[in-house]
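Dear colleague,

I am passing on the structure below, together with an account of what was found in it. Please have it open as you read, since the notes follow the chain from its overall layout down to single residues.

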Amino acid sequence: MTAAATSGQISIKLDTGRCLAYGTCVSIHPEVFALPKGARVAVVQRDVADASELEDLEEAVRSCPARAISIGTVD
Ligand code: SF4
(Lines give C-alpha, C1' and ligand atoms only; values in the text may rest on other atoms or scores of the structure.)
Protein backbone atom coordinates (compact mmCIF):
# COMPACT_ATOMS: atom_id res chain seq x y z
CA MET A 1 0.00 0.00 0.00
CA THR A 2 1.34 3.45 -0.84
CA ALA A 3 1.56 6.40 1.53
CA ALA A 4 -1.16 8.18 -0.42
CA ALA A 5 -3.54 5.26 -0.02
CA THR A 6 -2.83 5.14 3.71
CA SER A 7 -3.59 8.81 4.36
CA GLY A 8 -6.77 8.65 2.30
CA GLN A 9 -6.18 11.95 0.54
CA ILE A 10 -4.13 12.77 -2.51
CA SER A 11 -3.01 16.21 -3.59
CA ILE A 12 -2.97 16.97 -7.30
CA LYS A 13 -0.81 19.55 -9.02
CA LEU A 14 -0.77 20.56 -12.64
CA ASP A 15 2.16 22.53 -13.98
CA THR A 16 0.50 24.94 -16.40
CA GLY A 17 3.94 25.94 -17.68
CA ARG A 18 4.40 22.42 -19.05
CA CYS A 19 0.85 21.42 -20.07
CA LEU A 20 0.35 21.42 -23.82
CA ALA A 21 -3.38 20.67 -23.73
CA TYR A 22 -3.17 17.16 -25.13
CA GLY A 23 -6.22 16.27 -23.08
CA THR A 24 -5.09 12.78 -22.15
CA CYS A 25 -5.65 13.46 -18.45
CA VAL A 26 -9.21 14.61 -19.14
CA SER A 27 -10.10 11.36 -20.87
CA ILE A 28 -8.58 9.36 -17.99
CA HIS A 29 -10.17 11.27 -15.09
CA PRO A 30 -12.70 13.93 -16.23
CA GLU A 31 -13.91 14.52 -12.68
CA VAL A 32 -10.53 16.04 -11.81
CA PHE A 33 -9.09 17.34 -15.07
CA ALA A 34 -10.84 19.55 -17.59
CA LEU A 35 -9.90 21.24 -20.81
CA PRO A 36 -12.28 24.17 -21.31
CA LYS A 37 -13.07 24.96 -24.94
CA GLY A 38 -10.37 27.14 -26.41
CA ALA A 39 -8.13 26.81 -23.34
CA ARG A 40 -4.40 26.50 -23.87
CA VAL A 41 -3.86 24.47 -20.70
CA ALA A 42 -5.86 21.95 -18.71
CA VAL A 43 -7.33 22.86 -15.34
CA VAL A 44 -7.62 20.89 -12.11
CA GLN A 45 -11.22 21.06 -10.90
CA ARG A 46 -10.26 20.04 -7.37
CA ASP A 47 -6.76 19.75 -5.99
CA VAL A 48 -7.50 16.98 -3.49
CA ALA A 49 -8.73 13.51 -4.34
CA ASP A 50 -9.72 10.41 -2.44
CA ALA A 51 -7.47 7.36 -2.18
CA SER A 52 -9.98 5.46 -4.31
CA GLU A 53 -8.94 7.67 -7.24
CA LEU A 54 -5.24 6.85 -6.90
CA GLU A 55 -5.15 4.39 -9.79
CA ASP A 56 -6.67 6.86 -12.27
CA LEU A 57 -4.42 9.65 -11.03
CA GLU A 58 -1.30 7.53 -11.37
CA GLU A 59 -2.36 6.65 -14.89
CA ALA A 60 -2.85 10.35 -15.68
CA VAL A 61 0.64 11.14 -14.34
CA ARG A 62 2.16 8.33 -16.44
CA SER A 63 0.18 9.21 -19.56
CA CYS A 64 0.74 12.96 -19.67
CA PRO A 65 3.09 13.53 -22.63
CA ALA A 66 4.28 16.83 -21.09
CA ARG A 67 4.90 15.35 -17.60
CA ALA A 68 2.82 18.20 -16.21
CA ILE A 69 0.91 16.32 -13.52
CA SER A 70 2.21 15.41 -10.09
CA ILE A 71 0.46 13.83 -7.13
CA GLY A 72 1.39 13.60 -3.48
CA THR A 73 -0.02 13.03 -0.04
CA VAL A 74 -2.08 15.50 1.96
CA ASP A 75 -0.62 16.20 5.41
S1 SF4 B 1 -2.32 15.19 -20.35
FE2 SF4 B 1 -0.78 16.65 -19.62
S3 SF4 B 1 -0.38 18.00 -21.34
FE4 SF4 B 1 -2.30 16.93 -21.72
S5 SF4 B 1 -3.90 18.29 -20.96
FE6 SF4 B 1 -3.38 16.88 -19.33
S7 SF4 B 1 -1.82 17.94 -18.12
FE8 SF4 B 1 -1.94 18.96 -20.09
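In what order do the elements of the protein run from the N terminus on? They run α-β-α-β-β-β-α-β, which comes to 3 helices and 5 strands. Please keep in mind that this is a predicted model.

The radius of gyration of the protein is 12 Å, close to the 11 Å that the globule rule gives for 75 residues, so the protein is as compact as a globular protein of that length. The C-alpha trace spans about 40 × 20 × 20 Å along its principal axes. Of the 75 residues, 21% are buried, and among the contacts with a separation of 6 or more, 66% are between residues 24 or more positions apart.

Next, the interior. The largest nonpolar core has 15 residues, and those with the most contacts inside it are Cys25, Ala60 and Ile69. At least two residues of this core come from each of β1 (9-14), α2 (24-28) and α3 (54-63), with β1 giving the most, 3 residues. In soluble globular proteins, nonpolar side chains tend to be buried together. As for Ala60, leaving aside residues up to four places away in sequence, it touches Cys25, Ile28, His29, Phe33 and Ile69.

Strand β1 also deserves a look from both sides. Its covered face holds Ile10, Ile12 and Leu14, whereas Gln9, Ser11 and Lys13 make up the uncovered one. β1 pairs with β5 in the antiparallel sense over 5 bridges, and one pair of bridge partners there is Lys13 and, in β5, Ser70. β1 also runs antiparallel to β4, to which 3 bridges join it; in this pairing, Gln9 has Asp50 of β4 as its bridge partner.

Following the bridge from Lys13 leads to Ser70, which lies in strand β5 (residues 69-73). Is Ser70 buried, exposed or partly exposed? Ser70 has 13 other C-beta atoms within 10 Å, and because a residue counts as exposed with 12 or fewer and as buried with 20 or more, Ser70 is partly exposed. Apart from residues up to four places away in sequence, Ser70 touches Lys13 and Val61. Its C-alpha atom is separated by 14 Å from that of His29, and the two residues are 41 residues apart along the chain.

Arg46 is found in the loop between β3 (43-44) and β4 (48-50). With 8 C-beta neighbours inside 10 Å, Arg46 counts as exposed, because the limit for that class is 12 or fewer. Arg46 and Glu31 are 15 residues apart in sequence, and their C-alpha atoms are 8.5 Å apart in space.

Finally, the ligand. Which residues are the closest to the ligand? They are Cys19, Tyr22, Cys25, Ala42 and Cys64, out of 16 residues that surround the ligand. Sorted by class, this shell has 14 nonpolar and 2 polar residues, and no charged ones. Cys25 thus comes up both here, among the closest residues to the ligand, and among the residues with the most contacts inside the largest nonpolar core.

With best regards

Conventions: Residues are numbered from 1 along each chain as its sequence is written. This is a predicted model: local features need pLDDT of at least 70, side-chain atom pairs count only at pLDDT 80 or more; totals for chains, interfaces and linings use all residues. Helices (H or I, at least four residues) and strands (E, at least two) are DSSP runs, numbered from the N terminus. Two residues are in contact if their C-beta atoms, placed from the backbone, lie within 7 Å. A residue is near a molecule or strand if its C-beta atom, placed from the backbone, lies within 6 Å of it. Ala, Val, Leu, Ile, Met, Phe, Trp, Tyr, Cys and Pro count as nonpolar, Asp, Glu, Lys and Arg as charged, and the others, Gly among them, as polar. The radius of gyration is taken over C-alpha atoms; the globule rule is 2.2 Å times the number of residues to the power 0.38. A nonpolar core is a set of buried Ala, Val, Leu, Ile, Met, Phe, Trp, Tyr and Cys residues joined through C-beta atoms within 7 Å. Two strands pair if DSSP finds at least two bridges between them.
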